[in-house]
Amino acid sequence: MGIYGVPTSVVRVSAVPVVTRIHVMKRFNMVIVLSDSTLLCFALTEIEKAAAAAGGGVSAAKLASGVAFFDVGAFLGRPLIVLMKPRGGRSQFKCLQPSPRDEPDVGGTLRTVYSGPDACLRLVGEFAVGGRATKVHFLRRKLCVVGARGFDVVDVQQARVLRSLPDPLDDDFSFVPAAARALAVCKVGREFLLCYDTCAFFIDNFGRRSRPDVFVRWEMRPHAVTFRPPYVVAVNTRFLEVRHIETGVLLSIIRIPHTTCLNPDSRSTVLHIAVGPEPVGVPADDEPSTSAEPSSSFSADGAPESESHSACDDASAVSVPVTRPASMALLKPSSQLLRTPFRPPPRHVVPGLGGASGTRLFPEGTPGHCRIIEIRLPPLKSSGKTGS
């Protein structure tokens with residue numbers, strides 16, 4: 001635990017290995033951690049005390065083992081933790097709801113799986129879906145489970161799958177490639193934007209195709225999609241592809257190698273991006289196969305290198321401010337630079353806070369460290385629709 005950009009502030013507060021996700025629930029004094037397929041719960045105050053004392057072992061309560069992933073969101077107006085355990089060819093889910101310790105269990109039928117100093121976790125539901133799930137999206141009254149080939153809408157209270165999206169028997173969706181992998185779903189008004197690693201399209205509340213004139217074919221194969229109304233951002237390990245969430249118009253391609261989005265579930269227009277410590281030369285065959293040029297491409301100085309026409313007349317170009325730390329460079333599209341690996345500076349660089357347009361930079365100049373940058377997506381200049 002520590003402050004980005006200040007290496008001397010980092011102290012170890014726990015010896016748990018292979019931490020792949022952390023979620024802080026400050027209201028309930030909980031820190032949910034997935035460590036080596038084991039879901040743990042720490043008391044936030046204990047972590048803060050250990051950090052103030054320059055380290056020390058903090059004990060954690062074990063919630064579950066064999067967990068592939070967990071997601072946290074709002075369900076029926078309350079926070080909900082959903083964890084997934086693979087069981088053969090199916091995905092088994094458990095739903096845990098944090099509650100204040102003094103809040104009574106109406107009916108007395110909910111099992112308490114964790115009791116902390118200020119709050120507890122109660123098991124409010126279990127369900128299973130076929131195949132290997134990869135993510136859970138939280139709708140207002142339902143959950144949407146992302147599987148390998150599609151999406152399942154689940155009623156938690158009835159513990160059953162209501163429908164699969166898109167309908168596998170509907171010929172209107174025959175355009176979805178058989179090898180396409182489902183990534184994410186977003187509610188836009190009264191419709192849903194289904195995103196695969198090859199394309200994205202809209203459906204209505206009944207699962208039927210809507211907006212046939214809006215069809216997104218990604219310029220590269222993303223491994224994740226994050227929704228930042230009025231934008232949708234496809235995340236590739238080497239690029240960020242920014243599009244308008246309502247029209248699907250390509251607005252910008254940002255070249256950042258070894259990219260990981262640290263806040264994919266946020267709806268903020270601020271992206272926190274971790275840039276991996278490996279050499280950042282990009283092979284020529286990893287270039288996006290853009291049939292239409294993006295509205296702006298970024299040079300190593302972080303400024304737009306060229307301007308070109310937008311793919312749609314009613315959407316204006318977007319200039320995304322990205323500031324380059326001393327230990328990282330945004331790649332130019334020239335083949336010579338694409339084949340040249342990046343070499344970090346010989347000295348340890350810790351510039352702390354700085355940058356233009358309020359952009360904060362937290363780079364680590366030593367080998368083996370990630371650099372963390374912040375990208376702010378500006379408001380659209382056009383007066384078109386915005387996502388909801």
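The following paragraphs lead through a helix and its neighbouring strands, a nonpolar core and a buried asparagine in a predicted model.

The account begins with the hairpin formed by β1 and β2, in which four residues lie between the two strands. Within that turn, Asn 29 has a positive phi of about 60°. The strands run antiparallel and are joined by six bridges. One pairing serves as a point of reference: His 23 has Ile 32 of β2 as its bridge partner.

Helix α1 spans residues 44–52, and its buried residues pack against β1 (19–25), β2 (30–35) and β3 (38–43). Among the residues of this helix, Leu 44, Ile 47 and Ala 50 are buried. These three cover an arc of only 125° around the axis, and therefore lie on the same side of α1. Such an arrangement follows from helical geometry: an α-helix has 3.6 residues a turn, so residues three or four places apart point the same way. The other side of α1 carries Lys 49 and Ala 52, both of which are exposed. After the helix comes Ala 54, with a positive phi near 60°.

Strands β2 and β3 also take part in the largest nonpolar core, together with β4 (61–65), β5 (69–75), β6 (78–87) and β9 (119–130); each of these elements gives two or more residues to it. The core comprises 19 residues, and those with the most contacts inside it are Met 30, Ile 32, Leu 39, Phe 70 and Ile 81. Ile 32 thus appears here as well as in the hairpin, where it is the partner of His 23. The surroundings of Leu 39 can be followed in detail. Leaving aside neighbours within four places in sequence, Leu 39 is in contact with residues including Ile 32, Val 33 and Leu 34. Its other contacts include Ala 61, Leu 63, Val 67, Phe 70 and Leu 83.

A polar residue provides the last site. Asn 236 is found in the loop between β19 (231–235) and β20 (239–244). Is this loop residue buried or exposed? Asn 236 has a relative accessible area of 12%; because burial requires a value under 20%, Asn 236 counts as buried. Its side chain reaches the backbone oxygen of Arg 221 at 2.7 Å. A polar atom of that side chain also lies 2.9 Å from the backbone nitrogen of Arg 238. Beyond its neighbours within four places in sequence, Asn 236 is in contact with Met 220, Arg 221, Pro 222, His 223 and Thr 259.

Notes:
Residues numbered from 1 in each chain as written. Predicted model: local features only at pLDDT ≥ 70, side-chain atom pairs only at ≥ 80, totals over all residues. Heavy atoms only, no water. Buried < 20%, exposed > 50% of the residue type's maximum accessible area, 1.4 Å probe, protein only. Arc of directions from axis to C-beta. Contact = heavy atoms within 4.5 Å. Pairing = 2+ DSSP bridges. Polar contact = N/O pair within 3.5 Å; in protein donor to acceptor, adjacent residues only side chain to side chain. Core = buried A, V, L, I, M, F, W, Y, C linked by side-chain atoms within 4.5 Å.
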